[in-house]
Amino acid sequence: GRAGRPQFDNEACAVIMTENKNRLKYEQILSGNHLIESNLQDHMIEHINAEIVLGTINNMKSTNYWLKSTYFYTRLQRNPSHYGFHSDIPIQSMPNLIEEISMSNINELS
C-alpha cells in the first residue's frame with residue numbers, strides 16, 4: 001500500500017511492521033544502504049492483462065507508456081544487468097528495449 005493521500009496531504013507516515021529477523025533489512029532500506037529492485041518482470045503479463053481490463057492499456061503505445069511509468073523502468077535504466085540485459089545499454093536504446101519487452105509480453109497474452 002501507500003501512506004497518505006497525495007491529493008489531500010502534504011506529508012504522510014508509514015509504519016513498517018515485521019519480524020525481528022527482518023529488522024536489519026528494513027533499516028538498511030530506510031537508510032538508503034540497500035537498493036530495492038523491481039519484481040514486475042516476474043509477473044508482468046498478469047499486470048499488463050489487468051491494465052488492459054482496466055482500460056489503461058489498449059494498444060502498443062499505451063503499453064509502452066504504462067511500462068515507462070513503473071518502478072521497473074526506473075531500475076532497468078540504472079541496473080539493466082539485474083533484469084537480464086547487458087549493463088552497457090545506452091540510455092538512448094531504452095525506448096527500443098521497452099518496445100521489445102512490451103511486444104514480447106503482449107504476444108504471450110495472445
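Author: Before we count anything, here is the rule for aromatic pairs: the rings of Phe, Tyr and Trp, the last represented by its six-membered ring, form a pair if their centres lie within 6.5 Å, and the pair is called stacked when the planes are under 30 degrees apart, edge-to-face when they are over 60, and tilted for the rest. Please keep in mind throughout that the model we are reading is a predicted one.

Reader: How many aromatic pairs does that rule give here?

Author: The count by this rule is one aromatic pair. Its partners are F72 and Y83, whose ring centres are 5.2 Å apart and whose planes stand at 80° to each other, which makes the arrangement edge-to-face. F72 belongs to helix α4, residues 71–78, while Y83 sits in the loop between α4 and α5, so the pair ties together parts that are 11 residues apart in sequence.

Reader: Are F72 and Y83 buried or exposed?

Author: For this one needs a cut-off, since a residue is called buried under 20% relative accessible area, exposed over 50%, and partly exposed in between. Both F72 and Y83 are buried. Within α4, F72 shares that description with Y73, R75 and L76, and the cover over the buried residues of this helix includes α2, α3 (60–68) and α5.

Reader: Since I usually think of arginine as a charged residue, I would like to dwell on R75; what is its relative accessible area, and what does it touch?

Author: R75, in helix α4, has a relative accessible area of 7% and therefore counts as buried. If neighbours within four places in sequence are left aside, R75 is in contact with L35, I36, E37, S38, P80 and Y83. With one of these, E37, the contact is also polar, side chain to side chain, at 2.9 Å. As for I36, its C-alpha atom lies 8.6 Å from that of R75, although 39 residues separate the two along the chain.

Reader: S38 appears in that list; where does S38 lie, and which residues does S38 touch?

Author: S38 is part of the loop between α1 (23–31) and α2, and with a relative accessibility of 7% it counts as buried. Beyond the residues up to four places away in sequence, S38 touches Y71, F72, R75 and Y83. The contacts of S38 thus include both partners of the aromatic pair, F72 and Y83, together with R75.

Reader: How should I read the way two helices meet, and at what angle do the axes of α2 and α5 cross?

Author: The general idea is to look at the angle between the axes, where 65 to 115 degrees counts as roughly perpendicular. The axes of α2 (residues 44–54) and α5 (residues 94–109) cross at roughly 80° and come within 10 Å of each other, and α2 and α5 are therefore roughly perpendicular. On the α2 side the contact is made by M44, I45, I48, N49 and I52, and on the α5 side by I101, N105, I106, E108 and L109. By character these residues divide into seven nonpolar, two polar and one charged.

Reader: Why do contact residues in a helix often recur at intervals?

Author: An α-helix has 3.6 residues a turn, so residues three or four places apart point the same way.

Reader: Let us turn to α1; how exposed are R23, Y26 and E27 there?

Author: R23 is partly exposed, with a relative accessible area of 48%, E27 is partly exposed at 39%, and Y26 is partly exposed at 28%. The side chains of R23 and E27 are joined by a polar contact of 2.8 Å. Y26, for its part, touches I16 and T18, when residues up to four places away are not counted, and its C-alpha atom is 8.1 Å from that of I16, which is 10 residues away in sequence. By way of other distances, R23 and Q41, 18 residues apart in sequence, are 26 Å apart from C-alpha to C-alpha.

Reader: Finally, which backbone atom lies 2.8 Å from a polar atom of the S62 side chain?

Author: The atom is the backbone nitrogen of N58. S62 itself is in helix α3 and counts as buried at 13% relative accessibility. Apart from neighbours within four places in sequence, S62 is in contact with T56 and I57.

Note on methods:
Residues numbered from 1 in each chain as written. Predicted model: local features only at pLDDT ≥ 70, side-chain atom pairs only at ≥ 80, totals over all residues. Heavy atoms only, no water. Axes fitted to C-alpha atoms, helices over the stretch in contact; angles between N-to-C directions. Helix = DSSP H or I, 4+ residues; strand = E, 2+ residues; numbered from the N terminus. Parallel < 35°, antiparallel > 145°, perpendicular 65-115°, else oblique. Contact = heavy atoms within 4.5 Å. Nonpolar A, V, L, I, M, F, W, Y, C, P; charged D, E, K, R; others polar. Buried < 20%, exposed > 50% of the residue type's maximum accessible area, 1.4 Å probe, protein only. Polar contact = N/O pair within 3.5 Å; in protein donor to acceptor, adjacent residues only side chain to side chain.
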